[in-house]
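Trainee: I'd like a close look at one part of this protein, if you have a moment. Could you walk me through its pockets and what lies around them?

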Amino acid sequence: MSFARTILGDVDPSTLGVVDAHDHLIRVGAGEVYIDGDHQLDSVEKAEEEATRFAQASKKWSKYGGTIVDMCPINCGRDPAKLAEVAKNVKDLKVIGATGFHREHVYLETQSHWVNRYSVDQITELVIADIREGVDQNDYTGPFVNRSPYKAGVIKVGTAYGEITPFEHKCLEAAAAAAIETGAPVNTHTTYGTCGLEQAQELLKQGVPADQIAIGHIQRNADVYYLEKILDLGVYLEIDGTNRIKYQPDSNRMMELRAFKKDGFEDRILLGTDSGKRSYQKAYGSVSGVDYNPAVDGPRMIDEGFDPEYVDKLLIKNAAKFFTFKKEG
């Protein structure tokens with residue numbers, strides 16, 4: 001039976017409902033929080049409030065509610081027990097947790113990091129164990145590993161602005177090997193929309209099937225020609241950055257989505273919000289939040305004359321297919 005792996009267990013992918021393909025509910029510390037305290041998302045209560053809004057907005061589109069893909073990866077402040085608590089307490093919500101790696105920058109000083117000390121095979125084993133056995137409750141901060149019962153359902157890969165560092169390339173190799181072994185989907189982080197094409201090319205070169213790869217945050221590079229060069233490789237694009245006017249207006253995302261439909265790529269586009277800061281979430285006082293795709297984007301697309309079947313694919317069907325594991329068990 002095909003399945004998607006949520007933090008509380010495997011489910012039929014058709015029951016994921018509206019999928020926010022890249023977001024953040026819990027982050028209890030680590031590099032990003034050290035760099036900017038706005039990234040601290042350690043309150044279960046606030047996460048439940050934010051997720052409840054998303055689930056309620058999602059019910060307007062799907063009887064199953066919705067699924068939030070929490071893209072906090074290895075050694076970046078994961079707390080699987082807190083994430084599971086949110087998933088248990090919010091009605092009509094499923095949560096998919098992540099393994100894999102962020103861009104090197106968020107690990108601060110990396111010369112002594114275990115990624116640089118371990119072999120690719122050793123790192124791959126840790127990623128696979130997060131998926132098959134359970135996420136380490138200490139988030140691989142060491143020295144001991146204590147497996148939680150909560151398994152990861154997606155692998156993250158991150159790269160720097162305009163380059164893939166040696167550290168990041170090593171992480172990418174391990175993530176690719178783990179994806180091939182487990183059949184788990186790979187959802188990436190691009191920095192300001194750079195290196196998306198190179199990420200896709202490298203993951204394909206490593207042997208990851210195209211339909212198992214989504215290139216993320218790529219909407220910031222609002223160059224449809226470039227974005228469709230990535231899509232030509234057979235991979236997915238993950239479009240997020242909602243209501244981030246300091247970077248670009250939402251009309252740019254609408255323009256991209258409209259172009260993808262016109263050019264025949266409607267089946268390989270995912271939506272997220274990446275509301276990974278307190279100042280991006282309603283529970284902490286923002287006017288925008290994790291519910292943006294079903295609450296704002298969906299109605300806007302209908303108002304702007306998008307084909308309702310395409311909106312359904314963007315909110316629900318494409319993600320149900322992408323987050324399905326390509327191997328059993």
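Trainee: By class, how many nonpolar, polar and charged residues does the lining of the second largest pocket have?

Mentor: Happy to help, and please keep in mind that this is a predicted model. The lining of the second largest pocket has seven nonpolar and four polar residues, with no charged ones. You can pick them out in the view: N75, H113, W114, Y118, L126, Y140, T141, G142, P143, F144 and V145. The volume of this pocket is about 200 Å³.

One of these lining residues is L126, and helix α5 spans residues 120–132. That helix packs on the sheet, where α5 touches β5 (93–100) and β6 (154–158). The direction of α5 makes about 165° with that of β5. The sheet itself is open and has eight strands, ordered β3-β4-β5-β6-β7-β8-β9-β10 with parallel pairing. At its edges stand β3 (18–23) and β10 (269–271), each with a single partner strand, so one side of each has no neighbour in the sheet. From one strand to the next, the twist averages 30°.

Now set the largest pocket beside this, with a volume of about 700 Å³. Its lining counts 32 residues, and E32, H39, H189, R220 and Y247 are the closest to the centre. Two elements, α1 (31–35) and α9 (250–262), give two or more residues each to that lining. By class, the lining divides into six nonpolar, 14 polar and twelve charged residues. As for α9, this helix lies across β9 (236–239) and β10, and runs at about 155° to β9.

Note on methods. Residues are numbered from 1 along each chain as its sequence is written. This is a predicted model: local features need pLDDT of at least 70, side-chain atom pairs count only at pLDDT 80 or more; totals for chains, interfaces and linings use all residues. Side-chain values use heavy atoms; hydrogens and water are left out. On a 1 Å grid over the protein atoms alone, a cavity is a set of points where a 1.4 Å probe fits but cannot get out, and a pocket is an open set with protein on both sides within 12 Å along at least five of seven lines; lining residues have an atom within 4 Å of a point. Grid points are joined across faces, edges and corners, and a volume is the space filled by probe spheres set on the points. Helices (H or I, at least four residues) and strands (E, at least two) are DSSP runs, numbered from the N terminus. Ala, Val, Leu, Ile, Met, Phe, Trp, Tyr, Cys and Pro count as nonpolar, Asp, Glu, Lys and Arg as charged, and the others, Gly among them, as polar. Two strands pair if DSSP finds at least two bridges between them. Axes are lines fitted to C-alpha atoms, for helices over the stretch in contact, and angles run from 0 to 180 degrees between N-to-C directions. Contact means heavy atoms within 4.5 Å.
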